[in-house]
Amino acid sequence: MTEVEAPPAHPPASARGTVPPVSALAKRRRRLRYLVLAVVLVGAIAFLISRIGGSLDYFETVDQAMAQKAKLGGQTFRLEGLVVPGSVRRTVDGVDFVAAGTKHRVPVENTGNPPQLFQPDIPVVVVGHFSGGTFVSNQIIVDHTATYIEEHPARVRAPNGTVR
Amino acid sequence: MSAVTTWSARRAWVVRATGLAGVVGMAFTVWLGLWITPPDKVQGNLVRLVYLHPPVAWVALYLAFGLAVLGSLLWLWPRTRNDSWDRLAGAAMEVGVVFTALTLVTGSLWGRPTWGVWWAWDARLTSTALLLVLQLGYLALRRVASEPEPRARRCAIGAVIAAVDVPIVHFSVDWWRTLHQGATVLNANLSPTIHGAMAWTLLLGFVSMTLVFAWMVSVRYRIATLADVAADRSMQQALAERWAEGMPEAPVEEEGGVPAGVGP
C-alpha cells in the first residue's frame with residue numbers, strides 16, 4: 001500500500017459510527033433479543049430476592065431467637081432487643097442488662113464498653129451466643145430509630161441569648 | 001456538528017444562579033444545623049448529621065440515578081435518540097458517584113458515634129456499597145475506547161442494569177431487618193418523624209443539595225458537549241490532513257477547509 005488513491009469527496013463526519021440500514025426482520029429480531037434479555041434479567045433478580053428471604057437480615061429479635069433457641073444452640077449471631085430500664089449494671093469488664101422483645105426477655109452479659117448512646121429503653125444489637133439462659137456477648141451496637149425529637153421542646157431562647 | 005460552544009447569556013445566568021443559590025442554601029443549612037436547631041432527645045448533638053447525610057443520599061440515589069437512567073432510556077429509545085441524552089446520563093452518573101461516595105463517608109462518620117461501629121454489613125449499607133461499585137463500573141465503561149454510538153449503547157444498557165439496585169437500596173430497610181434506621185421522611189405513611197426547626201432545616205438541606213447537584217450536572221454536561229465538539233473538530237482536521245497527503249498536487253487549504261485549531 002504505497003500509492004493510495006484519494007477519496008473523491010469528503011465523507012460526511014456525521015456518518016461515523018452509524019449502522020448500515022437493517023432490514024425490518026433483523027430489527028425485529030434485535031428487539032426480541034433485548035426483550036428476552038430484559039425478561040431473563042428481571043426474572044433472575046426477582047428469583048434472587050424471593051429466595052434470599054431472611055438471610056439478609058442483620059439480626060434476630062429476642063422473640064425470634066427465643067423461638068428457635070434450641071436450634072441456635074451455642075452458635076454466634078446478632079440479637080436485637082430493647083434495653084430494659086433499671087436492668088443495666090456495670091461489671092468489672094463490661095455491662096450486664098436485660099434485652100426485651102415483645103414477649104420474651106433475655107439477660108445479656110457483655111464484655112467491653114458499650115457505645116456512647118447505650119441507655120435504657122434504646123434498641124441494641126448484641127453480638128454473641130447463648131450460654132444457658134443468658135446471652136454472652138462481646139459487642140453492643142446501638143440501633144437507634146428514625147425518629148428525631150427535640151431534647152427540650154419547651155425551651156425558649158431569650159433575646160439575650162440565654163436558654164431556659 | 002453544530003457550533004454549540006457557548007451557552008446563551010440567559011442559560012449561563014440560570015446555571016450560575018442555581019449554583020449560587022445552592023451554596024448559599026448550604027451555608028444556611030450549616031448555620032441552622034450547627035447553631036440554631038436543638039439537640040435530639042436520644043442522639044444529642046450527634047443528630048446534626050441528619051442535615052447532611054440524608055440530603056446527600058437523596059441526590060445520589062434518586063436524582064443522579066434517576067437522571068442517568070432517564071438519559072439512558074431516552075437514548076435507547078430510537079425516536080428520541082440523541083447524543084445529548086448520552087452526555088446527560090454520563091454527567092449525572094459522574095456527579096452521582098461523588099454523592100454516593102459522600103453518602104458512605106458521612107454515614108460511616110455518623111454510625112461510629114451512634115451505633116458504635118464504622119460499618120455494618122446490613123442490607124442497606126451493603127446495597128449502597130454495591131451501588132458505588134456499579135457506578136464506578138459505568139464510568140469505566142464510558143472510558144473504554146470505542147466509537148461514540150456503540151459506547152453510548154453499552155453505557156445506556158449498563159446504567160439501566162445498575163438501576164436495579166436503586167429500589168433495592170430504597171426498600172432494603174423494609175424488606176430486611178437492618179441496623180440502618182427506616183425512612184424518616186419517605187416512610188410508609190408519609191408522615192415525617194422529625195419535628196419543628198429540625199424538619200425545616202432538613203428540608204432546606206434537601207433543597208440546597210438538589211440545587212448544588214443541578215449546578216454540577218449542568219457544568220459537567222457543558223464540558224462533555226465541548227469535549228465532543230473538540231473531538232469532532234480534531235477528527236475532521238486529521239482527516240483533512242490525511243487527504244491532503246494523498247493529493248500532493250492539490251494545494252493544501254489551511255484556512256478554508258480545516259476548522260480553526262482546537263486548543264488542548
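Start with helix H5 of chain B, residues 148–162: at 1.5 Å a residue, its 15 residues should span 21 Å, and the end C-alpha atoms are indeed 21 Å apart, so the two agree. (The expected span is 1.5 Å times one less than the number of residues.) Helices here are DSSP runs of H or I with at least four residues, strands are runs of E with at least two, and both are numbered from the N terminus.

Before going on, a word about what you are looking at. This is a predicted model, where local features need pLDDT of at least 70 and side-chain atom pairs count only at pLDDT 80 or more, while totals for chains, interfaces and linings use all residues. Residues are numbered from 1 along each chain as its sequence is written, and chains are lettered from A and ligands numbered from 1 in the order in which they are written.

**Back to H5 of chain B**

Which residues of H5(B) are buried? They are B:Ala152, B:Cys155, B:Ala156, B:Gly158, B:Ala159 and B:Ala162. These buried residues cover an arc of only 165° around the axis, which puts them on the same side of H5(B). The arc is that of the directions from the helix axis to the C-beta atoms. "Buried" means that 20 or more other C-beta atoms lie within 10 Å of the residue's own; "exposed" means 12 or fewer, "partly exposed" is in between, and C-beta atoms are placed from the backbone.

What do the buried residues of H5(B) pack against? The answer is helix H2 (53–76), helix H3 (83–114), helix H4 (123–143) and helix H6 (165–175) of chain B. Contact, by the way, is when the C-beta atoms of two residues, placed from the backbone, lie within 7 Å.

One residue to look at in H4 of chain B is B:Leu141. It counts as partly exposed, with 19 C-beta neighbours inside 10 Å. Setting aside neighbours within four places in sequence, B:Leu141 is in contact with B:Arg154, B:Cys155 and B:Gly158. B:Cys155 and B:Gly158 are also among the buried residues of H5(B). As for B:Tyr62, it sits 79 residues from B:Leu141 in sequence and 21 Å away in space, C-alpha to C-alpha.

**Chain B as a whole**

Chain B has seven helices and zero strands, so to speak an α-α-α-α-α-α-α pattern when read along the sequence. Its C-alpha trace spans about 85 × 35 × 35 Å along the principal axes. The radius of gyration of chain B is 23 Å, whereas a compact globule of 264 residues would come in near 18 Å. (That radius is taken over C-alpha atoms, and the globule rule is 2.2 Å times the number of residues to the power 0.38.) Of its 264 residues, 34% are buried. For contacts in chain B with a separation of 6 or more, 77% are between residues 24 or more positions apart.

**Where the chains meet**

In the model, 39 residues of chain B are in contact with 30 residues of chain A. On the chain B side, the elements giving two or more residues are H3, H5 and helix H7 (196–246). H7(B) provides the largest share, seven residues. By type, the chain B side divides into 20 nonpolar, 12 polar and seven charged residues. Here Ala, Val, Leu, Ile, Met, Phe, Trp, Tyr, Cys and Pro count as nonpolar, Asp, Glu, Lys and Arg as charged, and the others, Gly among them, as polar.

**Over to chain A**

Chain A has three helices and seven strands, and 18% of its 164 residues count as buried. Among its contacts between residues at least 6 apart in sequence, 44% join residues at least 24 apart.E4(A), residues 94–100, pairs with several strands. Two strands pair if DSSP finds at least two bridges between them.

| Strand paired with E4(A) | Sense | Bridges |
|---|---|---|
| E2(A), residues 77–83 | antiparallel | two |
| E3(A), residues 89–91 | antiparallel | three |
| E5(A), residues 105–111 | antiparallel | seven |

A:Asp96 in E4(A) stands opposite A:Arg89, and its bridge partner in E5(A) is A:Glu109. A:Ala100 in E4(A) stands opposite A:Leu82. A hairpin of two residues joins E3(A) to E4(A), and one of four residues joins E4(A) to E5(A).

Finally, A:Asp121 lies in the loop between E5 and strand E6 (123–131) of chain A. A:Asp121 is not a glycine, yet has a positive phi of about 75°. It is exposed, with 10 other C-beta atoms within 10 Å.
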